Amino acid sequence: MKKKLPLIGVTMGDPQGVGPEVVQKALRSSLVWRSCRPIVFGAPHLFSFREAKRLTARQCGVLSAHFIRQAATAALKKEIDAIVTAPISKERLHKAGYLYPGHTEFLAGMARIRDVRMMMTGPHLTVVLHSIHIPIKNVAPSLKVKEIAQTIELTDQALKKWFRLRRPRIAIAALNPHAGEGGAFGDEEKRLIEPAVQKARRKGISAFGPYAPDTIFCRAVRGEFDAIVAMYHDQGLIPLKLLDFDRAVNLTIGLPFIRTSVDHGTAFDIAGKGKADPRSMIEAILLAAKLATLTQH
């Protein structure tokens, strides 16, 4: 008997951002309808930018959170097979009283899961961020051997489960220039990152590094590694977006349900002008559908 296509929940994001537009455009794609049955979590009248403009920033934050909560609740109850989120404003989310740094932490809180990470995957690169939305000055003090090893382990599990790689090769980026240059430019590599890599390797994970951040992404693009663990947000996302902007997908690893997202923000400056590119939303829906289909078999 032919299986039903997976049911994918899509949130509309911030009503005044490009989320509603990229969702509408993505749902015109035949590729989407051939891969899944999409259901939108949003307010129908707010797909009109004229209506959305009447909202305050706080109201947009409240609604953004409401749509996320609806979709995540449905996923946790297994009423849908995966969720795909459109972009939100973290600032507005905070104004609405939701003090999460972003979707990833919001969803982890709802699922009561502590160890989640952001994976961004595109045609050229797959990157997992060890730290996500924290100030750069706090990155080095936040590093801990146990948590870096956990990031490597979650990356290994995700690559095996979702990408069907039997023995994924994971490169770990250093924090400092030249990977610390023997301690001349910092000692986080010796004290924290190398022990974490060794800890992962003792569990049978093919983890390598830490490598100098200015060369490791080129080596991955050339096929030497399947994924890179970056120590902080921009270290991983600058090379990824340089190569794969509008085609990369954000996949949260560690959650008890599948969640993907676009690789861009709300883009308030072009919202309501019909200029938003839906390719990342289409790719996010297709990846969610693919992963949901894998779990059905």
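**Entry 1: Thr-266**

I began with Thr-266, which I found in the loop between strand S10 (258-261) and helix H12 (279-296). I note here that the model is predicted. I then asked whether Thr-266 is buried or exposed. Its relative accessibility is 11%, so I recorded Thr-266 as buried, the cut-off for that class being under 20%. Leaving aside residues up to four places away in sequence, I listed what Thr-266 touches: Asp-14, Gly-17, Val-18, Pro-87, Ile-88 and Ser-89.

**Entry 2: the chain as a whole**

I next turned to the overall fold. I counted 12 helices and 10 strands in the chain. For 297 residues, a compact globule would have a radius of gyration near 19 Å, and I read 19 Å for the chain, so the two agree. Along the principal axes, I noted that the C-alpha trace spans about 60 × 50 × 35 Å.

I looked up burial and contacts as well. Of the 297 residues, 51% are buried. Among contacts with a separation of 6 or more, I found that 75% are between residues 24 or more positions apart.

For the surface, I recorded an exposed area of about 14,000 Å² for the chain. Carbon and sulfur atoms supply 53% of that area.

**Entry 3: charge**

How many positive and negative side chains does the chain have? I counted 44 positive and 26 negative ones, and the centres of the two sets lie 7 Å apart. Side chains of opposite charge can pair when their charged atoms come close. I therefore looked up the salt bridges, of which the structure holds 13, taking a nitrogen-to-oxygen distance within 4 Å as the criterion.

**Entry 4: a pair in helix H1**

I examined Glu-21, which forms a salt bridge with Lys-25; the closest N and O atoms are 2.8 Å apart. I placed both residues in helix H1 (residues 19-26), where they are four residues apart, about one turn of the helix. Glu-21 has a relative accessible area of 12%, so I entered Glu-21 as buried. Lys-25 stands at 21% relative accessibility and therefore counts as partly exposed, since buried means under 20%.

**Entry 5: a pair between distant parts of the chain**

I then looked up Asp-226 and Arg-169, whose side chains meet in a salt bridge of 3.0 Å, N to O. Which parts of the chain does the pair link? I located Asp-226 in the loop between helix H10 (213-221) and strand S8 (227-230), and Arg-169 in strand S6 (residues 169-173). The two are 57 residues apart, and the pair links distant parts of the chain. I recorded Asp-226 as partly exposed, with a relative accessible area of 23%. Arg-169 is also partly exposed, at 31%.

**Entry 6: a pair in helix H9**

I went on to Glu-194, which forms a salt bridge with Lys-190, with 3.8 Å between the closest N and O atoms. I found both residues in helix H9 (residues 188-202), four residues apart, about one turn of the helix. The relative accessible area of Glu-194 is 30%, so I classed Glu-194 as partly exposed. Lys-190, at 57%, is exposed, the limit for that class being over 50%.

**Entry 7: a network**

I closed with a group of linked residues. Which residues are linked in a network of salt bridges? I noted Arg-114, Asp-115 and Glu-147 as linked in this way.

Conventions: Residues numbered from 1 in each chain as written. Predicted model: local features only at pLDDT ≥ 70, side-chain atom pairs only at ≥ 80, totals over all residues. Heavy atoms only, no water. Buried < 20%, exposed > 50% of the residue type's maximum accessible area, 1.4 Å probe, protein only. Contact = heavy atoms within 4.5 Å. Rg over C-alpha atoms; globule rule 2.2 N^0.38 Å. Areas by Shrake-Rupley, 256 points an atom, 1.4 Å probe, with all protein chains shown as cover. Lys, Arg positive; Asp, Glu negative; His and termini not counted. Charge placed at Lys NZ, Arg CZ, Asp CG, Glu CD.
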